[in-house]
Amino acid sequence: MSGEADEVRYDPESGRYDVFECPDCNNVVLAVGSDDPPMSCHDQPMERVQDVDMSVDPPNVKEVLLEAFGLPKAGLDICLCVIGEGPMPANEVADTLGYDRSTVTRYLNTLVDLGLLRQSELNREGGGVVKVYHSVDLDWMRQETLVGFYVWAGEAASLIEEANITKREYLEENPDRELPDVFWESFSGSG
Amino acid sequence: MCVTRRTVLAQLVASTDAERRETTTVDALASALGVDKRTTAEHLNALVACELARIDTDSSVRATISGEELLTLDTDGVVLIDPPGRNGDADA
């Protein structure tokens with residue numbers, strides 16, 4: 001949530017994604033890509049949310065990858081440096097970004113561990129192998145990153161729900177007291 | 001005309017043979033790609049640094065076995081090469 005001028009608000013007409021709500025309960029779901037068949041709850045079609053007062057900061061893909069997947073900034077820098085350049089030696093990437101070559105190699109292995117890159121080995125004329133890091137199948141990556149993000153979003157939504165419930169319970173038990181400063185730190189998962 | 005490094009590698013692989021040590025020249029490669037010699041040479045130097053191409057002392061060039069194998073990976077995405085260090089092992 002933000003008071004910044006560039007904040008965004010849900011637009012049901014945008015078609016980029018949809019937020020549905022159940023008219024009978026508090027169930028709210030996010031749908032990306034398709035609503036066919038329509039979302040349902042209690043065996044009844046859910047309805048598109050029409051009026052949202054709250055606005056949010058527009059997400060930045062770099063921040064999303066950093067926050068949702070724990071993708072190290074250096075790893076993202078490496079990917080962005082190489083994309084579109086074709087085969088690129090690790091030394092050139094290191095020089096371009098100002099990293100040590102060992103740092104580049106370490107983050108490449110992290111990207112492999114995260115499933116965002118695949119490592120292969122090419123036979124070398126002088127013997128041994130040359131390591132090559134390349135993209136995974138794009139359709140597979142799309143599916144994996146979307147599901148991964150939904151898991152992160154689900155965890156975030158659960159935290160918000162937990163915070164709201166905790167806040168309600170506290171205020172019911174302490175109707176005359178303000179929320180303590182440590183409220184947001186009082187449940188697991190908060191920073 | 002702009003040409004990608006991968007396109008240069010593909011043309012090099014098509015024009016040479018690593019196993020039989022068949023080579024070509026930068027001029028011939030640039031002509032086949034329809035780009036200037038300088039652009040071709042810049043991409044070739046990067047491919048050499050990746051150990052995907054080799055430039056001999058007589059300036060003849062060819063793809064290496066590694067270069068030929070890279071194309072069989074069938075990947076257009078992020079491709080970063082980490083060749084072995086001087087001691088023969090890739091940096092950890």
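Start by selecting A:Val104, a residue that is buried, with a relative accessible area of 0%. The model on screen is a predicted one.

**Stop 1: around A:Val104**

Show the cartoon, and A:Val104 turns out to sit in helix α4 of chain A, residues 101-113. Next, display what surrounds the side chain. Apart from neighbours within four places in sequence, the residues in contact with A:Val104 are A:Ile78, A:Ala90, A:Val93, A:Ala94 and A:Tyr99. Add A:Gly75 to the selection: its C-alpha lies 7.8 Å from that of A:Val104, although 29 residues separate the two in sequence.

**Stop 2: chain A as a whole**

Zoom out to chain A. Its secondary structure consists of 5 helices and 8 strands. Read from the N terminus, the order of elements is β-β-β-β-β-α-α-β-α-α-β-β-α. Of the 191 residues in this chain, 28% are buried. Among contacts in chain A with a separation of 6 or more, 41% are between residues 24 or more positions apart.

**Stop 3: the open sheet of chain A**

Select β1, β2 and β5 of chain A. These 3 strands form an open sheet in the order β2-β1-β5, with antiparallel pairing. The edges are β2 (28-31) and β5 (47-48), each of which pairs on one side only. Strand β1(A), residues 18-21, is joined to β5(A) by 2 bridges, and the two strands run antiparallel. To see the register, label A:Glu21, which stands opposite A:Glu47 in β5(A).

**Stop 4: the β7-β8 hairpin**

Move to strand β7 of chain A, residues 117-123, which is joined to β8(A) by 7 bridges in an antiparallel arrangement. The two strands form a hairpin with 5 residues between them. In the turn, pick A:Gly127, whose phi is positive at about 100 degrees. Two pairs show how the strands line up: A:Asn123 stands opposite A:Val129 in β8(A), and A:Gln119 has A:Tyr133 as its bridge partner.

Is β8(A) mostly covered or mostly open? Mostly covered: 5 of its 7 residues are buried.

**Stop 5: across to chain B**

Keep β8(A) selected and add β3 of chain B. Which way do these two strands pair? They pair in the antiparallel sense, over 4 bridges. A:Tyr133 is again a useful label here, as it stands opposite B:Leu80 in β3(B).

Now show chain B in full. It has 4 helices and 3 strands, running α-α-α-β-β-α-β from the N terminus. Buried residues account for 45% of the 92 residues in this chain. Of the contacts in chain B with a separation of 6 or more, 55% involve residues 24 or more positions apart.

**Stop 6: two helices of chain B**

Select α1 (residues 5-15) and α3 (residues 37-49) of chain B. Their axes are 9 Å apart and the packing angle is about 80 degrees. An angle of 65 to 115 degrees counts as roughly perpendicular, so α1(B) and α3(B) are roughly perpendicular to each other. Show side chains at the contact: α1(B) supplies B:Arg5, B:Val8, B:Leu9 and B:Leu12, while α3(B) supplies B:His43, B:Leu44, B:Ala46 and B:Leu47. By class, this contact has 6 nonpolar residues, 1 polar and 1 charged.

Centre the view on B:Val8. Leaving aside neighbours within four places in sequence, B:Val8 is in contact with B:Val3, B:Leu29, B:Leu33, B:His43, B:Leu44 and B:Leu47.

**Stop 7: the nonpolar cores**

B:Val8 also leads into the largest nonpolar core, which has 22 residues. Those touching the most other members are B:Val8, B:Leu12, B:Leu44, B:Leu47, B:Leu52, B:Leu70 and B:Ile81. Which elements give two or more residues to this core? They are β8 (129-135) of chain A together with α1, α2 (26-33), α3, β2 (61-63) and β3 (79-82) of chain B. The largest share, 4 residues, comes from α1(B).

To finish, return to chain A. A second, separate core of 17 residues includes A:Ala94, A:Val104, A:Leu108 and A:Leu116. The tour thus closes on its starting residue, A:Val104, which is buried.

Key
Residues are numbered from 1 along each chain as its sequence is written. Chains are lettered from A and ligands numbered from 1 in the order in which they are written. This is a predicted model: local features need pLDDT of at least 70, side-chain atom pairs count only at pLDDT 80 or more; totals for chains, interfaces and linings use all residues. Side-chain values use heavy atoms; hydrogens and water are left out. Axes are lines fitted to C-alpha atoms, for helices over the stretch in contact, and angles run from 0 to 180 degrees between N-to-C directions. Angles under 35 degrees count as roughly parallel, over 145 as roughly antiparallel, 65 to 115 as roughly perpendicular and the rest as oblique. Contact means heavy atoms within 4.5 Å. Ala, Val, Leu, Ile, Met, Phe, Trp, Tyr, Cys and Pro count as nonpolar, Asp, Glu, Lys and Arg as charged, and the others, Gly among them, as polar. A nonpolar core is a set of buried Ala, Val, Leu, Ile, Met, Phe, Trp, Tyr and Cys residues joined through side-chain atoms within 4.5 Å. Buried means under 20% relative accessible area, exposed over 50%, partly exposed in between (1.4 Å probe, protein chains only). Two strands pair if DSSP finds at least two bridges between them.
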